[in-house]
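Q: I have a structure on the screen and do not know how to read it. Can we go through its features one at a time?

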Amino acid sequence: MLLRVLFITATLLLGGIYVAIGSSPEPVVNLSENKGIPAHGFISRVEQNKYIEEEALVLKAMMLRIRALQEKTGIMFSRTPLIRVHDVVFVYGDAMPRVARYDFATGTIAFSASDFDFRGFIENESSEKLDFEALAEDKKFQMSMDHELGHALTDQVSRRIGIGPLFREWEFEKFSIAQNIGYNARNEGIGEWFKHLLNPTETWISKDAFPTNYEESRRYSNDMIFYSGGHWMVRDILDRHGEEGLIWLVMHPPSLDEKKMRADAVAYRARALIALGG
């Protein structure tokens, strides 16, 4: 478990292992009209970018998702994340491959064209909706995008309150194993909270997603710990306290010891709720 956690933590926070299918030159930033949301454009690659239509499509659909999340939570985005679509598969250790990822260094949400058929929305002439509106209403897209927007918004909140980027490589390298586990559980838990905010499901989340001791931890998957367990750990904090709860989570990263991970997660959640008034 020790080596597995070190590996999965590095891949999650550094953006995952790229299994490259195609190559892409360095990106350039183009500005785009945003209809009321701060625009920082979308990433397109130099000349002959075969996914420029897809990136424009995703940008417009993302802006609709941003509006929906802002209306639901009252937490405002400072800027529009950059968008990139390319031929990669996002693989995170022993976790399931992901459709999308957020890069803290550049503020970019990247989607895998290998896992999502954006062309189907662009070429669908039978739909009465605009292509980006249809995409924004697609449940798979919504849940993937809302999770990544949760990462983006948390990163922006961290910068707004003066902490700076939510993830910095030099800082990460100094973390203990317990800090690494806690960092991932908090971050992915927040992402899952946003993912299910407008698409509630019967997804199992429980404190039981955290192992109680080191021996038990070897039988728990990273998906279970970081996503199901992390979601349980932050859900009530965010449900009850919204932006104030998110700020508290950013300012107080948890530390979850492998030898008593469940107890640490339970204590962290309780400490947050007491500090925030219940």
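A: Yes. Keep in mind that this is a predicted model. The starting point is the overall inventory: the protein has 10 helices and seven strands.

Q: How many of the 278 residues count as buried, as a percentage?
A: A residue is called buried when its relative accessible area is under 20%. Of the 278 residues of this protein, 53% count as buried. The accessible surface comes to about 12700 Å², and carbon and sulfur atoms hold 53% of that surface.

Q: What share of the contacts joins residues 24 or more positions apart?
A: Take the contacts with a separation of 6 or more. In this protein, 72% of them are between residues 24 or more positions apart.

Q: In which sense, parallel or antiparallel, do strand 4 and strand 7 pair?
A: Strands that pair are described by their relative direction and by the bridges between them. Strand 4, residues 82-86, pairs with strand 7 in the parallel sense, over five bridges. Two of the partnerships can be followed on the screen: Leu82 is matched with Thr108 of strand 7, and Val85 with Phe111 of strand 7.

Q: Which way do the residues of strand 4 point?
A: Look for the two sides of the strand. Leu82, Arg84 and His86 point one way, while Ile83 and Val85 point the other way. Burial is then checked residue by residue, and in strand 4 five of five residues are buried.

Q: Which residues of strand 7 point one way, and which the other?
A: Thr108, Ala110 and Ser112 are on one side of strand 7, with Ile109 and Phe111 on the other. Strand 7 is also mostly covered, five of its five residues being buried.

Q: How many residues lie between strand 6 and strand 7 in their hairpin?
A: To read a hairpin, follow one strand, then the turn, then the next strand. Here strand 6 and strand 7 have four residues between them, and Gly107 in the turn has a positive phi of about 65°. The two strands pair in the antiparallel sense over four bridges, and Arg101 stands opposite Ala110 of strand 7. In strand 6, Ala100 and Tyr102 point one way and Arg101 and Asp103 the other, and all are buried.

Q: How many salt bridges are there?
A: The thing to look for is a side-chain nitrogen of Lys or Arg within 4 Å of a carboxyl oxygen of Asp or Glu. The count here is 15 salt bridges. One of them joins Glu53 and Arg119, at 3.0 Å from N to O. This pair links distant parts of the chain, with Glu53 in helix 2 and Arg119 in helix 3, 66 residues apart.

Q: Are Arg65 and Asp146, which also form a salt bridge, buried or exposed?
A: Both Arg65 and Asp146 are buried. Their closest N and O atoms are 2.7 Å apart. This salt bridge too links distant parts of the chain: Arg65 is in helix 2 and Asp146 in helix 5, 81 residues apart.

Q: Where do Arg159 and Asp155 lie?
A: Both are in helix 5, four residues apart, which is about one turn of the helix. They form a salt bridge with closest N and O atoms 3.2 Å apart. Asp155 counts as buried because its relative accessible area is 1%, whereas Arg159 counts as partly exposed because its value is 39%.

Q: Which backbone nitrogens does the side chain of Asp138 reach?
A: For a polar side chain, check the distances to polar atoms around it. A polar atom of the Asp138 side chain lies 3.2 Å from the backbone nitrogen of Lys140, and the Asp138 side chain reaches the backbone nitrogen of Phe141 at 2.9 Å. Asp138 lies in the loop between helix 4 and helix 5. Leaving out residues up to four places away in sequence, Asp138 touches Phe116 and Phe121.

Q: Which residues form a nonpolar patch on the surface?
A: Ile161, Ile163 and Met251 form one, with about 240 Å² of accessible area together. Ile163 lies in the loop between helix 5 and helix 6. Ile163 counts as partly exposed because its relative accessible area is 32%.

Conventions. Residues are numbered from 1 along each chain as its sequence is written. This is a predicted model: local features need pLDDT of at least 70, side-chain atom pairs count only at pLDDT 80 or more; totals for chains, interfaces and linings use all residues. Side-chain values use heavy atoms; hydrogens and water are left out. Buried means under 20% relative accessible area, exposed over 50%, partly exposed in between (1.4 Å probe, protein chains only). Two strands pair if DSSP finds at least two bridges between them. Patches are made of residues with over 30% relative accessible area and no salt bridge: like charges are joined within 9 Å, nonpolar side chains (Val, Leu, Ile, Met, Phe, Trp, Tyr) within 5 Å. Accessible areas come from the Shrake-Rupley method with a 1.4 Å probe; for residues, only the protein chains shown count as cover. Contact means heavy atoms within 4.5 Å. A polar contact is a pair of N or O atoms within 3.5 Å; within protein, one must be able to donate a hydrogen and the other to accept it, and residues adjacent in sequence count only if both atoms are side-chain atoms.
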